[in-house]
Amino acid sequence: SRRVRAVDLAKFKAEGRKIIALTAYHAHTASILDRHCDVILVGDSLGMVMHGLESTLPVTLEMMILQAQAVMRGTAKALVVVDMPFGSYEASREQAFLSAARVLKETGAGAIKLEGGAQFADTVAFLTRRGIPVMGHIGLTPQSVNTMGGFRVQGHKAGDEARLLEDARAISEAGAFAIVMEGIVEPVARAIAASGAVTAATIGIGASAQCDGQILVLEDMLGLSDRAPKFVKAFGSLRDHIEAAVEAYAEEVRSGRFPAEEHTYPPR
Ligand code: KIV
Ligand code: NA
């Protein structure tokens, strides 16, 4: 069956069919997700998850392209969306187009994602009109950690609701096919998802069950990350599984029980 396309998400939203999304950075995990997810995001969270960085700011376009190529090779069905890393799209809509076009040309992915609301509506329209489907990302936008003053849940303060609604409306109207809503309090997330002015599919992460779909960082929901935010549910405990397997391996090598005869090439 063909891949999910960016335009399909509008249909899922209209049908009230929840959109299933997760992140992936490599081929083997992506191939498992491909059987269950509509959307696989190659997120710039790979900076933290794969490389142990403190934030997503140092992530480069080359890092994104390399992992997106791996995810494309491991999948056949899901829509693969690639994050535009910090510094690759903000300077101008032309810069954004050149970076995004490079991502699509070199990976074959179906869409890109960029962080930002109303101030990037012009960029979203520029890309969309030139053949690049754009997923927006509003609320807690990790690339803005230095100006936000930390990773802060959005929507508590006076004026937040109006601002976030305007962010969602502006990029939806500019042609974004979906919007990641991250770290947004429930009443505000509900207002955005229910707004007739927001036709883009809303994908929540820490933004309540009111969104049209959900996304989590795979390693967080698998219980592999060493720490995860409050909004993450651990659907697995991979860290414990890996720990136990590595411990058993070390013990068997030490005691000489591994490799056994069945793991050994006999003489001819
Ligand atoms: O980089 C990422 O993983 C993301 C998701 C959390 C939405 O942007
Ligand atoms: Na991201």
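**Exercise 1. Find which residues D83 touches, and decide whether D83 is buried or exposed.**

Step 1. Work in this predicted model and set aside neighbours within four places in sequence. D83 is then in contact with L41, V42, G43, D44, M64 and K113.

Step 2. Place the residue. D83 sits in strand β3, which spans residues 79–83.

Step 3. Count C-beta neighbours. D83 has 28 of them inside 10 Å. The threshold for buried is 20 or more. D83 therefore counts as buried.

**Exercise 2. Locate D44 and list its contacts.**

Step 1. Look between β2 (39–42) and α3 (46–49). D44 lies in the loop that joins them.

Step 2. Leave out residues up to four places away in sequence. D44 then touches T56, V59, M64, D83 and P85.

Step 3. Test for burial. D44 has 29 C-beta neighbours inside 10 Å, so D44 counts as buried.

**Exercise 3. Do the same for S45: where is it, and what does it touch?**

Step 1. S45 belongs to the loop between β2 and α3.

Step 2. Beyond four places in sequence, S45 is in contact with T23, T56 and V217.

Step 3. There are 21 C-beta neighbours inside 10 Å of S45, so S45 counts as buried.

**Exercise 4. Collect the "binding site" residues and say how far apart they are in space.**

Step 1. Read the record. An unreviewed UniProt entry lists D44, S45, D83 and K113 under "binding site".

Step 2. Compare sequence with space. These residues are spread over 70 residues of sequence, yet they cluster in space, with a largest C-alpha distance of 12.5 Å.

Step 3. Take the other annotation. "Binding site" in the unreviewed UniProt entry also covers D44, D83 and E115. This set spreads over 72 residues of sequence and again clusters, the largest C-alpha distance being 10.7 Å.

**Exercise 5. Name the residues around ligand 1 and sort them by type.**

Step 1. List the shell. T23, L41, G43, D44, S45, D83, V180, I205, I215 and V217 surround ligand 1.

Step 2. Sort the shell. It holds five nonpolar, three polar and two charged residues.

Step 3. Link back to the record. D44, S45 and D83 are in this shell, and UniProt lists them under "binding site".

**Exercise 6. Examine E182: what does UniProt call it, and is it buried or exposed?**

Step 1. The unreviewed UniProt entry places the feature "active site" at E182.

Step 2. E182 is found in strand β6.

Step 3. Within 10 Å of E182 there are 24 other C-beta atoms, so E182 is buried.

Step 4. Skip the neighbours within four places in sequence. E182 is then in contact with H137, G139, L140, I205, G206 and A207. One of these contacts, I205, is also in the shell around ligand 1.

**Exercise 7. Explain why the buried residues of α9 lie on the same side.**

Step 1. Pick out the buried residues. In helix α9 (residues 186–194) they are V188, A189, I192 and A193.

Step 2. Look along the axis. These residues cover an arc of only 130 degrees, which puts them on the same side of α9.

Step 3. Find the cover. It includes α8 (160–173), β6 (178–182) and β7 (201–205).

Step 4. Turn to the face pointing away from the buried side. There sit the exposed residues P187 and A194.

**Exercise 8. Find which members of the largest nonpolar core touch the most other members.**

Step 1. The largest nonpolar core has 71 residues.

Step 2. I40, V80 and I179 touch the most other members.

Step 3. Follow I40. Not counting residues up to four places away in sequence, I40 touches L22, A24, A30, L33, V71, T75, A78 and V80.

**Exercise 9. Set G116 beside N146: which is buried and which is exposed?**

Step 1. G116 is in the loop between β4 (111–113) and α6 (121–129). It has 21 other C-beta atoms within 10 Å, so G116 is buried.

Step 2. N146 lies in helix α7 (residues 145–148). It has 9 C-beta neighbours inside 10 Å, so N146 counts as exposed.

Step 3. Check the distances. G116 and I138 are 22 residues apart along the chain, and their C-alpha atoms are separated by 5.6 Å. N146 and L57 are 89 residues apart, with 9.7 Å between their C-alpha atoms.

Conventions
Residues are numbered from 1 along each chain as its sequence is written. Chains are lettered from A and ligands numbered from 1 in the order in which they are written. This is a predicted model: local features need pLDDT of at least 70, side-chain atom pairs count only at pLDDT 80 or more; totals for chains, interfaces and linings use all residues. UniProt positions are given in the numbering used here, feature names are shortened, and annotations may be inferred rather than shown by experiment. Helices (H or I, at least four residues) and strands (E, at least two) are DSSP runs, numbered from the N terminus. A residue is buried if 20 or more other C-beta atoms lie within 10 Å of its own, exposed if 12 or fewer, and partly exposed in between; C-beta atoms are placed from the backbone. Two residues are in contact if their C-beta atoms, placed from the backbone, lie within 7 Å. A residue is near a molecule or strand if its C-beta atom, placed from the backbone, lies within 6 Å of it. Ala, Val, Leu, Ile, Met, Phe, Trp, Tyr, Cys and Pro count as nonpolar, Asp, Glu, Lys and Arg as charged, and the others, Gly among them, as polar. A nonpolar core is a set of buried Ala, Val, Leu, Ile, Met, Phe, Trp, Tyr and Cys residues joined through C-beta atoms within 7 Å. The arc is that of the directions from the helix axis to the C-beta atoms.
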